[in-house]
Amino acid sequence: MASRQHAASLTDEAICPICLDFFTDPVTLDCGHNFCRCCITQSWEKKEINSCPECREEVPERNLRVNRVLANLAEEARKLKLDPTEEERKPHCEEHQRELKLFCQTDSKLLCEVCVVKQEHRDHRLLRLKEAVDIYKDQLQSSLDSLKGKKWTVLQTELKQKRKISEVRQQASSLQTHITSEFTKMHQILTEKEQRLLRDLREEEERIVEPMEKNLREIQENLNSIEEELSKLQKQAEQTDEAIFLRRQASRKRRISDDSHVLSVADGTLTIGKFKGPLQYTAWRDMLNSINPVPACLTLDPNTANIQLVVSGNQINVRAEKRRHLPRDNPKRFDPQPFVLGSEGYTAGRHYWEVEVREKTLCKVGVAQESVKRKGNIDLKPENGYWIFWPSPKSNYETSTSPSRATHNPIEKQWKVGVFLDYEGGQVSFYNVDTMSHLHTFIHTFTEKIFPIFGMAPNIREKSSAMLRICGIKGH
């Protein structure tokens, strides 16, 4: 206990009252107070009158005497590792060298008791250090809680973004597999068509060339016989014995009359038209039987047609006219909205159809659930069972959800829009048939029968009647 007190006393004696650390090059003023040489020198730099920081006694001559005893004491304290504690190093006011016990909340400044009496702090809000610390700790805790909340929100946003990126990558991978699969099927169809044509060509070639080659062999045999006869005749022409020459000539005449066989060239040609013609178009026509889907030959259901719509006899055209007198009690009929449904609905599979629209026709195309509202005002939204697309002169086209901007304008004198339905995939997409460029896509989970839907209204400013036609491929 005595040793601890002695160490504390030694520490107190070896500490500079300005820097609150062990003395370095200590000096003594005329008043008897001790300071580090650098500390007292820096304290006097900005003052006109030099005074002792402890007792305020003026030191006009700056008389500084080296205190070797105190220097040795500080060195001894350093060797004993008697560093002053944090509690012993309490901050002091630089101006008055007193302990800082108050906090000015107005100026956010620490004050000693002497600073408080100054005029500049008289009307300010002053707090004890502990009270000020509690207030600012509460503020700090509030900031920490707020920042932790923001961090949690950012982490959740980061997690959602990562999930979205993962979803897009998975979707892209799935679409890549789908694209590869679809084109692999077409490649296979084309490869089989190519191999079949090449096989037919080889078979026809062999069928035509085989009799020609047989005839060629006969010609070559005949040629060999002729060459042998020529050789014999040459020898006879060189015969000098007259009797032998005449006897051989008589024998040659009889042989010529016996072997008088005339050969001809066998003819034959390939069926050029089968192997050289519109091969690509022929292959495309053959592919239609295997491609799914192709533009379907839909028909319209007259029982659902609004009284302003007239469905043609073949049920693939519809035109808008003035209101007709038809029974209104038909629950299938749209009234007063100018819509008509396709005759066939779908509960599975992939389907595609194309619609040609006459110039100036105000039309809507898409799909609708079987149970949709058909009477009165209709809100054409997906949540109500409508997935609709229609051209708009102001925004190029609009949909059931909101107006959408297109990078091209599909509204021309005669334009076609393609509609694709993937029931299991929950997809309804629209295309500009001229370029097959994508216009818009709805994604939804279908749970009931889906019907093609067509809507149109006459433009009273135009003399020509509005017309809409289903464009399918015959035989499909």
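Which residues lie nearest the centre of the largest pocket? In this predicted model, the residues nearest that centre are His 178, Glu 182, Pro 293, Arg 350 and Phe 420, and they belong to a lining of 31 residues. The pocket has a volume of about 1,200 Å³. Two or more lining residues come from each of helix H5 (129-237), helix H8 (279-288), strand E10 (350-358), strand E15 (414-422), strand E16 (427-432) and strand E17 (437-443). Among these contributors, H5 gives the largest share of the lining, with 10 residues. Sorted by class, the lining consists of 18 nonpolar, eight polar and five charged residues.

Two of the central residues, Glu 182 and Arg 350, also form a salt bridge with each other, in which the closest N and O atoms are 3.6 Å apart. Because Glu 182 lies in helix H5 and Arg 350 in strand E10, this pair ties together parts of the chain that are 168 residues apart in sequence. Glu 182 counts as partly exposed because its relative accessibility is 21%, and Arg 350, at 23%, likewise counts as partly exposed. Both values can be read against the cut-off for burial, which is under 20% relative accessible area. The pairing extends to a further residue, since Glu 182, Lys 185 and Arg 350 are linked in a network of salt bridges.

Strand E10 takes part in another contact of this kind, where Arg 469 forms a salt bridge with Glu 356 and the closest N and O atoms are 2.4 Å apart. Here Arg 469 belongs to strand E19 (residues 466-471) and Glu 356 to E10, so that distant parts of the chain, 113 residues apart, are linked. The accessibility of the two partners falls into two classes: Arg 469 is partly exposed at 33% relative accessibility, whereas Glu 356, at 17%, counts as buried, because buried means under 20% relative accessible area.

A search of the whole structure finds 11 salt bridges, and one of them joins the side chains of Arg 65 and Asp 30, with an N to O distance of 3.1 Å. This pair, too, links distant parts of the chain, 35 residues apart, with Arg 65 in strand E3 (residues 65-66) and Asp 30 in the loop between strand E1 (26-28) and strand E2 (34-36). Arg 65 is partly exposed, with a relative accessible area of 39%, and Asp 30 is also partly exposed, at 46% relative accessibility. As a general matter, side chains of opposite charge can pair when their charged atoms come close.

Attention can now turn to a sheet. Three strands form an open sheet in the order E5-E4-E6, and their pairing is antiparallel. The edge strands are strand E5 (109-111) and strand E6 (126-128), each of which pairs on one side only. From one strand to the next, the twist averages 35°. Strand E4 (residues 102-104) is joined to E6 by three bridges, the two strands running antiparallel, and Leu 126 in E6 is the bridge partner of Cys 104. In general, strands of a sheet pair through backbone hydrogen bonds, either parallel or antiparallel.

The backbone also deserves a careful look at several individual positions. Most residues other than glycine have a negative phi, and most peptide bonds are trans. Ser 108, in the loop between E4 and E5, has a positive phi of about 55° although it is not a glycine. Gln 315 is another non-glycine residue with a positive phi, of about 65°; this residue lies in the loop between E7 and E8 and counts as partly exposed, at 27% relative accessibility.

Two cis peptide bonds complete the account of the backbone. One joins Asn 292 and Pro 293, with omega about 0°, and Pro 293 is placed in the loop between H8 and strand E7 (309-311). This proline leads back to the starting point, as Pro 293 is among the residues that lie nearest the centre of the largest pocket. The other cis bond runs from Asp 335 to Pro 336, with omega near 10°, and Pro 336 is found in the loop between strand E8 (317-320) and strand E9 (339-341).

Definitions and conventions: Residues numbered from 1 in each chain as written. Predicted model: local features only at pLDDT ≥ 70, side-chain atom pairs only at ≥ 80, totals over all residues. Heavy atoms only, no water. 1 Å grid on protein atoms, 1.4 Å probe; cavity = no way out; pocket = protein on both sides within 12 Å on 5 of 7 lines; lining within 4 Å. Points joined across faces, edges and corners; volume = space filled by probe spheres on them. Helix = DSSP H or I, 4+ residues; strand = E, 2+ residues; numbered from the N terminus. Nonpolar A, V, L, I, M, F, W, Y, C, P; charged D, E, K, R; others polar. Salt bridge = Lys/Arg side-chain N within 4 Å of Asp/Glu carboxyl O. Buried < 20%, exposed > 50% of the residue type's maximum accessible area, 1.4 Å probe, protein only. Pairing = 2+ DSSP bridges. Axes fitted to C-alpha atoms, helices over the stretch in contact; angles between N-to-C directions.
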